[in-house]
Amino acid sequence: MKHSRRDWLKLSFLTSLAGYFFFQFPGKLFAKEKDKSEVILIRDKEVLKYDGNPDKSILSDMMDKAITTLTGINNSSDAWKSIIKPDDIVGIKSNEWSHLPTPEALEEILKERVLNAGVREQNISVRDRGILKDPVFQKSTALINVRPMRTHDWSGAGTLIKNYIVFTKKPWTYHPDTCADLAKLWKLPEVAGKTRLNILVMLTPLFHGTGPHHFNKEYIWNYYGLLVGFDSVAVDSVGVRILENKRKEYFCEERPLNPPAKHILLADTRHKLGNANPEKIKLVTIGWKEGILL
Amino acid sequence: MNSKSLTELLPAEHSGWKTANEDNFYDNESLYNYIDGGAELYLSYGFNKVISRNYIKPGQPEIRVDVFDMIKPRNAYGVYTHSREKIEHNFGQGSQTLIGAVLFWKDMYYVSVISQSETDEVTKAIYGIARIIDSSIPGEGKIPGVVKLLPEDNLVAESVTYFHHPVWLNYFAWLFEDNYLNITKETSAVWAKYETTRKRAMLLLVQYPDEHTARLGFNSFTKYFFPNPENGLITKDINGRWLSSRLGGKLFVAIFNAPYKDFAIALMDKIHNS
C-alpha cells in the first residue's frame, strides 16, 4: 500500500502526540508496556448505608487508598497529580443506567480529586449520554472511566470497555457477535490514548438479569468493593471473575454468563487493548476479605 | 397486532392505581431507546411492538407494565425461557415471579409487570394487573415441537431454553466460535440440562426444515468438534467430560458435559427412540 504525503504528515503528527502523552504520564498508564497489569480491589463492609447508598466519606477513603496503591505514591493528592495535569480537559465517563447507576457520591469524589489536581471546573464534565455534544468531552485530553459492573443481555456484561459505547453515533454497529469487538471503541479519536483511570464499581453488582429491564433486586448483592486500574481489560476481567463466582455460589452450579462476555477476551487477543488473562494481572486486594469470591 | 389492540390488553386502572401518562410504543427501530442494551434479545427472537405503561398511586412506588407482541408464540415462549430460573404456572402459559415482578408468556405475548420497590400493596397490584392482562389475551400458543422431544428423566425443567438465533448456541457456555450449526429462523433449537451424579450434562437439539440442511449443519459441527470422525462421534473433552453427537433425519442432537460415556449414549438413545 502506497502512502501519500498527507498520510505521512498525519502519521508524524499522531506519533508526536503519542510521544507527548508517553512522557507526561507514568509508564503504568500503558498497560501493554508492562508484563502485568495491576488491578486494585478495595472493599469496606461499612461503605453502604442502611438505605443502600454509599457513605461518601468511606467511599472517598477507599478511592484514596486505591489510587495511592495503584500509583505507588503515598499521598492521594500527589497520586492524582501524577495522572491528571492542571491543563487537562477531563471527561468523567459515568453510567446512568437507571437501575444501577454510577453512585453520585463517587462522581462527586472523582470531580473533587480532579479539581484538586489543578483542573479548572469548566474543564471537567461528568456525563454518560450526550457526551458527543458535550463541549468538555469534545475537547477532552483525559478521560476517567467509571461504572458499576452488571450482567447484560447481549454483551454478557456491562463493562468498562463497553462504557465507551456512547462515543459512537452508531452503537448498533458494535452489536454483531454479541458485541465481540467493543474494544474498537477505544480506538476512536475521541477516546484513543486518553483514559487515565478505570473504576469498576462493585458495591452492589448485578450478577443475573431477567425480564425486559434486566434488573431485579433478587440478583444484586452487597460486595462493598471498587476495582481500580489503568488497564480496563484487566479490571473487567477481574470483575467478570467475581460475577461468575457469585453466579456459581448463588445457582449452586457452573453458570457462565450468557452470552459470554467475549468482548473482554477479544479486547486482549484480537485488539491488544490490555490484559484479560489472569496470569497477566497483578491483583492487589485491600480491606475486607470475607466473600471476596476470588 | 396494531397499537390499539395492545392497549386493550391493559386495564385503564386497578385498585386505585391509575395510568401515569400516555402509553409508549416501541418497534424494531425504537426499542433501543427504551431498553438500551436489552433490545437485541427481543430482536433475536422476532418482535413487532411493545406497549409500555406506568401506573401510579399516591404513596406507592410506580408499577411498569410492558406487553411485547412477539409476532409468533414460539418467539414469546423463547424469550420467556431465556433467563428463567423457576417453573411456575400462576399466569399465562408459564410465569416467573420475583421480588416486585411478574413475567409471563401467553400466545404471542411476553408480559412484564414490575416495580422498583416492593410493598404488600404493590405486590397485590402487580398480581392483579398481571391477572387482568392474562385474561385479556384470549388464545394460547403452541410450545415448539422440538421442546417436546426432550427426554423427561432427570431433566432440569427450568433450564429448557428455546431459540432460533445462532447467538444462543452459547447460552450455557462459550462452545461455538461461529454458527457451525447454521442456525436460522427456519430452525428450531433447544438447550436443556440434565441432572447427573456429577455436574449437569447439557443437551442441544436442533430441528431443521429439511434433511439436506440438517446434514449441512451436522457436517459443519462434526468438522469442528470431531476432527477425527472415524473414531466415532463420541469423545472426551479437555475436562474429561463426554461429548457426543448424532443426526437423525431433520433432527440434530449433541450432548456436552456428560459424566460418563454410557450416560451420553443412553440420553441420545432416548431421543431417537421417542
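This is a short chat about reading a predicted model of two chains, A and B.

User: Let's start where the chains meet. How many residues does each chain bring to the contact?

Analyst: Chain B brings 38 residues and chain A brings 28. Another way to look at it is by area. The size of an interface is often given as the accessible area lost when the parts come together. Here, about 2,900 Å² is buried between chain B and chain A, and carbon and sulfur atoms give 55% of that. On the chain B side, E85(B), Q116(B) and W174(B) supply 21% of the area that chain B buries against chain A, more than any other three residues.

User: E85(B) is a charged residue. Which residue does E85(B) form a salt bridge with?

Analyst: With R255(A), across the interface; the closest N and O atoms of the pair are 3.0 Å apart. Three salt bridges turn up between chain B and chain A, and 13 residue pairs there are in polar contact.

User: Which elements give two or more residues to the side of chain B that touches chain A?

Analyst: Helices α2 (31–34) and α3 (39–45) of chain B are among them, and so are strands including β5 (63–69) and β8 (109–115) of chain B. The top contributor is α3(B), with four residues. If you sort that side of chain B by class, you get 18 nonpolar, eleven polar and nine charged residues.

User: Now sheets. In what order do the six strands of the open sheet in chain B sit?

Analyst: Read across the sheet, the order is β9-β10-β11-β14-β13-β12 of chain B, with antiparallel pairing. To find the edges, look for strands that pair on one side only: β9 (155–163) and β12 (234–236) of chain B. On average, neighbouring strands are turned by 15° against each other, direction ignored.

User: How many bridges join β12(B) to β13(B)?

Analyst: Three, and the two strands run antiparallel. As one example, T235(B) has L243(B) in β13(B) as its bridge partner.

User: And which strands do helices α4 and α7 of chain B lie across?

Analyst: Helix α4 (73–81) of chain B lies across β9 and β10 of chain B, at about 130° to β9(B). Helix α7 (211–225) of chain B lies across β13 and β14 of chain B, at about 160° to β13(B).

User: Back to salt bridges. How many are there over all chains?

Analyst: A search of the whole structure gives 25. One to look up is K56(A) with E112(A), where the closest N and O atoms are 2.8 Å apart. That pair links distant parts of the chain: K56(A) is in helix α2 of chain A and E112(A) is in helix α4 of chain A, 56 residues apart.

User: What about backbone oddities? Which peptide bond is cis, with omega near -5°?

Analyst: Here's the general idea: most residues other than glycine have a negative phi, and most peptide bonds are trans. In chain A, the bond from N258(A) to P259(A) is cis. You'll find P259(A) in the loop between α7 (232–251) and α8 (262–269) of chain A. For phi, check T178(A): the value is near 45°, positive in a residue other than glycine. T178(A) lies in helix α6 (176–179) of chain A.

Key. Residues are numbered from 1 along each chain as its sequence is written. Chains are lettered from A and ligands numbered from 1 in the order in which they are written. This is a predicted model: local features need pLDDT of at least 70, side-chain atom pairs count only at pLDDT 80 or more; totals for chains, interfaces and linings use all residues. Side-chain values use heavy atoms; hydrogens and water are left out. Contact means heavy atoms within 4.5 Å. Buried area is the accessible area (1.4 Å probe) that two parts lose on being put together, summed over both. A salt bridge is a side-chain nitrogen of Lys or Arg within 4 Å of a carboxyl oxygen of Asp or Glu. A polar contact is a pair of N or O atoms within 3.5 Å; within protein, one must be able to donate a hydrogen and the other to accept it, and residues adjacent in sequence count only if both atoms are side-chain atoms. Ala, Val, Leu, Ile, Met, Phe, Trp, Tyr, Cys and Pro count as nonpolar, Asp, Glu, Lys and Arg as charged, and the others, Gly among them, as polar. Two strands pair if DSSP finds at least two bridges between them. Axes are lines fitted to C-alpha atoms, for helices over the stretch in contact, and angles run from 0 to 180 degrees between N-to-C directions.
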